[in-house]
Amino acid sequence: MAENSVIGADTVVSGHIRGQGSLEILGRVEGDVTLTGNVVVGATGRVRGNLSAAQLTVAGQVQGDLRGTEVVLVERGARVAGDIASPRIGIAPGALVRGHVQTDGEPALAPSVAARRPAVQPRVVAAQPAAARVAAPQPAAARVAAQPISPTLLKAPHKAEPRKPEPARPPAPPVAIETESASTRPVKVEPRRPPPPVVPVISKGTKAKKKKGRD
Amino acid sequence: MTRPQLGLSVLGPATRVTGRISGDGALRIEGLVKGDVNVRGEAEIAEGGSLEGNLSGEALDIGGTLLGDARAESVIAVRSGAQVRGELRAAEVSIEAGARISVRLETEFELDFGAAQRRR
Amino acid sequence: MAGTVIGEGLTIEGDITGDEEIVIHGQLRGRLTTTDAVTVTGTAVVGADITGSSLSVAGQVTGDVTATERVDIQAGGKLVGDIKAARFTIADGASFKGNVDMEV
């Protein structure tokens, strides 16, 4: 099982984040996040960029699109300006969302109405090939801990996601980003190789700002 | 079924309406409506009910099928068994996981990112 | 009880078809066809042809009415239109203008 990464509440990450494993965002990210695991944006999290993950939970604020290959949950107090696409989408009372929201697959339409409205294509999730999935997302700011996946969350079968069949991959490799309660250390930037069984890395040029005065 | 309350209209499951519906009071749609619906009270599309047309009311509860735009003074709640396609406009829109939707949400709010935290 | 109830504040402009009881307290302009009973209550104003198994009118109906069983116009009710029904009653104090065709 992959260890989980955290971007602390006082950290700002400028640049794209991609790879396998899961991530909890309590600080600020300016860039896209594309992970095969789960992503939780905590209540203090602020993301300007697109988020793509297996299970995506947002309790903070996002300016960008949300794509979950399994589920997207937007919790009370969250604010999302962007499009949402996933087979299962939950928007809690008290959440604020503005954008196009679509579960994969079309609602059954009467022929006359189908002709009236243009067909909407399901969005292709730009996700890396799946590694071992980690955990069901915990509510809001709790750490994403490794747990057996709750069967209810994965009840909906995958629909309409055009994906090549993937070779079985080994359990997710160790995470390059160390987890600290308040900050994220600068990480090694690994060269990309196809197909990349890479650890969650931050692209070249990414600056992780950390608080001075702390370890 | 319980007797409908005063002020509540019900279009039963074996009823089809083609045309406009408007007025005071609340409305529950258990059958099929083709046309616009505009009521001052709460409007509900029950599971099994269907509306092809636009819907507006004080608050909306969508458990069936809605193909059209919806506007509420207060809240729109989309239940897990619903199918919705159209634009939803309200102070608050909630969607239960399981709903099949292709909707545009036009909720009015500002993001509040604040300044990047940078304490030295 | 199952069925359709059009409340007093509601207005429907269009056609209603159904296989269940319909009670109208509000306004209808168009057409109403059901295989079950139709009740037009005292507050209702209906401008429509009505077809049902039975029809009871305590409000205002302008249109032709057809019932497989019976049509009853209550005191205070008003019907302007033709009646086609096996049986009918027009109560004292009711108002009616039209023709009647009693199928036998």
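A salt bridge is here a side-chain nitrogen of Lys or Arg within 4 Å of a carboxyl oxygen of Asp or Glu. With that criterion in mind, the tour may begin; the model on display is predicted.

**Colour by confidence**

Colour the whole complex by pLDDT before selecting anything. The predictor assigns the complex an ipTM of 0.91 and a pTM of 0.73. Select chain C: its mean pLDDT is 95, and 97% of its residues score at least 70. Then select chain A, where the mean is 70 and 47% of the residues reach 70 or more. Within chain A, highlight residues 106–190, over which pLDDT stays under 50. For this stretch the model has 180 contacts beyond four places in sequence.

**Chain C against chain B**

Hide chain A and display chains B and C together. Here 19 residues of chain C are in contact with 22 residues of chain B. The area buried between the two chains is about 1600 Å², and carbon and sulfur atoms give 47% of it.

Which residues form the salt bridge? Select Arg20(B) and Glu13(C) and show their side chains: these two residues form a salt bridge, with the closest N and O atoms 3.4 Å apart. The count of salt bridges between chain C and chain B is one. Between these chains there are also twelve residue pairs in polar contact, with both residues at pLDDT 80 or more.

Next, colour the side of chain C that touches chain B by element. Strand S1 (4–6) and strand S2 (10–18) of chain C are the elements that give two or more residues to this side. S2(C) gives the most, with nine residues. By class, this side of chain C comprises seven nonpolar, eight polar and four charged residues.

**The strand pair across the interface**

Switch to a cartoon view and select strand S2 (residues 15–23) of chain B along with S2(C). The two strands run antiparallel and are joined by nine bridges. To inspect one pairing, select Val17(B), whose bridge partner in S2(C) is Ile16(C).

**Strands within chain C**

Now hide chain B and follow the pairing inside chain C. Strand S3 (residues 22–24) runs parallel to strand S5 (residues 37–40), and three bridges join them. Select Ile24(C) to find the residue that stands opposite Val40(C) in S5(C).

Keep Val40(C) selected and turn to strand S6 (residues 45–57) of chain C. S5(C) and S6(C) are joined by four bridges and run parallel. The bridge partner of Val40(C) in S6(C) is Val57(C). Showing Ile24(C), Val40(C) and Val57(C) together ends the tour at Val40(C), with Ile24(C) opposite and Val57(C) as its partner in S6(C).

Key: Residues are numbered from 1 along each chain as its sequence is written. Chains are lettered from A and ligands numbered from 1 in the order in which they are written. Side-chain values use heavy atoms; hydrogens and water are left out. pLDDT is the predictor's confidence in each residue, from 0 to 100. Contact means heavy atoms within 4.5 Å. Buried area is the accessible area (1.4 Å probe) that two parts lose on being put together, summed over both. A polar contact is a pair of N or O atoms within 3.5 Å; within protein, one must be able to donate a hydrogen and the other to accept it, and residues adjacent in sequence count only if both atoms are side-chain atoms. Ala, Val, Leu, Ile, Met, Phe, Trp, Tyr, Cys and Pro count as nonpolar, Asp, Glu, Lys and Arg as charged, and the others, Gly among them, as polar. Two strands pair if DSSP finds at least two bridges between them.
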